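Hello,

I am passing this structure on to you, as promised. Please open it and have a look before you read my notes.

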Amino acid sequence: MLVMKARKTNTENLEKEYDKLIIGPLTSLLFEKELEEITSMKTADFYHYFPQSYLAKPLYKDVMIDRIIGLNKKMKGEFKDKLKALYRQLGLDMISRNSLKSKNWDRVTEGLVQINEMDLKEALSDVKKHVNAANFYVRSQAVATVLNLSDDVDLAFLRDQTFPLSLWQQMTYLRIIKYLSNQKELKLETLFDSKNKSIRIFGYKLMKMLGRMDFIESLSKRAYDLENDEKIEVLEVFGAFGAHTEAAFINSCLTSGNSALVMAAATTAGSIGDQGSVEILLNLLNSEASYAEKQVFLTSLKDLNQAKFEEYTLSNSDSQIMEIRAHLLDPLLQNV
């Protein structure tokens with residue numbers, strides 16, 4: 001135990017020492033040399049800045065990688081290009097690529113981060129081997145790296161994932177794809193054909209977030225055959241786009257008998273339902289509905305057909321109906 005602790009302390013001290021030795025020459029190199037000069041430098045040319053004896057030490061190179069990655073996160077413009085060129089010229093790119101062969105998931109993940117930061121597109125084929133890795137962190141970083149580095153992202157690699165997407169992964173990929181959507185061609189519809197339900201749902205969310213109304217017809221053809229939780233996501237998409245052409249689908253969901261789906265459809269019906277929706281809502285109100293359900297049904301009925309709303313609520317003796325009516329017609333929100 002004491003030996004291991006001593007080794008760890010010694011390594012940490014060496015890392016601090018190497019970092020001090022690296023930062024000065026690295027900064028000088030970035031300011032003294034133009035990008036073209038860095039890309040034309042030979043290995044021996046770097047010995048003036050980084051002694052050959054040190055460059056032969058793996059730990060020294062690891063510290064240099066961390067320092068360059070750290071600077072790249074802070075720098076802008078030509079400095080980022082210089083750092084990436086320097087990374088390749090010093091052979092650090094091969095260290096990152098070789099790390100993908102490691103049996104340790106943390107080392108693989110670290111290598112993926114480095115490849116992503118340094119835009120090592122030549123490593124894409126190796127990165128793609130990890131997009132369906134069993135380890136969550138490896139898989140997540142591999143997908144993010146492929147999204148960032150691919151020139152034409154058809155999303156087939158994501159479609160074919162067998163593991164479910166977590167909410168964290170969805171948020172991460174949403175952020176990346178939103179940024180990339182104006183720069184690269186994203187074949188979003190590919191995700192609708194995934195055998196993985198979480199991937200399909202992610203595709204619906206992407207469609208809504210990116211404003212891809214051009215996929216409404218394609219989604220409409222699939223909608224009736226989806227599972228209930230998928231239908232709920234699709235209803236949100238149709239509602240967000242004001243897709244009045246999908247009233248028939250909404251009505252089928254309203255009569256599905258699944259409470260969660262019925263509530264989602266009732267909410268959406270208020271904005272894009274039709275006369276058929278009005279009749280179904282009236283039938284639902286006459287069934288054994290809970291207070292929360294009555295509130296949603298009446299809200300949508302009012303939005304769809306004010307006259308039917310007035311007729312139904314004024315002729316109804318149900319105290320809950322009257323209370324909800326007062327609330328919906330109260331501009332000052334006194335009846336809440």
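Below is what I found in it, starting with one helix and ending with the core.

This is a predicted model, in which local features need pLDDT of at least 70 and side-chain atom pairs count only at pLDDT 80 or more, while totals for chains, interfaces and linings use all residues. Residues are numbered from 1 along each chain as its sequence is written, and side-chain values use heavy atoms, leaving out hydrogens and water.

Helix 9 covers residues 136-149; helices here are DSSP runs of H or I with at least four residues, numbered from the N terminus. From first C-alpha to last, helix 9 reaches 20 Å, close to the 20 Å expected at 1.5 Å a residue (1.5 Å times one less than its number of residues). At its N-terminal end, N135 acts as a cap, with a side-chain oxygen 3.0 Å from the backbone nitrogen of Y137.

Eleven of the 14 residues of helix 9 are buried, so this helix is largely enclosed by the rest of the structure. Buried means under 20% relative accessible area, with a 1.4 Å probe and protein chains only. The cover over these residues includes helix 7, helix 8, helix 10 and helix 11.

T109 sits in helix 7 and is buried, at 14% relative accessible area. Among residues more than four places away in sequence, T109 touches Y137, V138 and Q141 (contact means heavy atoms within 4.5 Å).

Finally, the largest nonpolar core has 99 residues, and F50 and L147 have the most contacts inside it. Such a core is a set of buried Ala, Val, Leu, Ile, Met, Phe, Trp, Tyr and Cys residues joined through side-chain atoms within 4.5 Å. L147 is also one of the buried residues of helix 9.

Best wishes

Key:
Helix = DSSP H or I, 4+ residues; strand = E, 2+ residues; numbered from the N terminus. Buried < 20%, exposed > 50% of the residue type's maximum accessible area, 1.4 Å probe, protein only. Polar contact = N/O pair within 3.5 Å; in protein donor to acceptor, adjacent residues only side chain to side chain.
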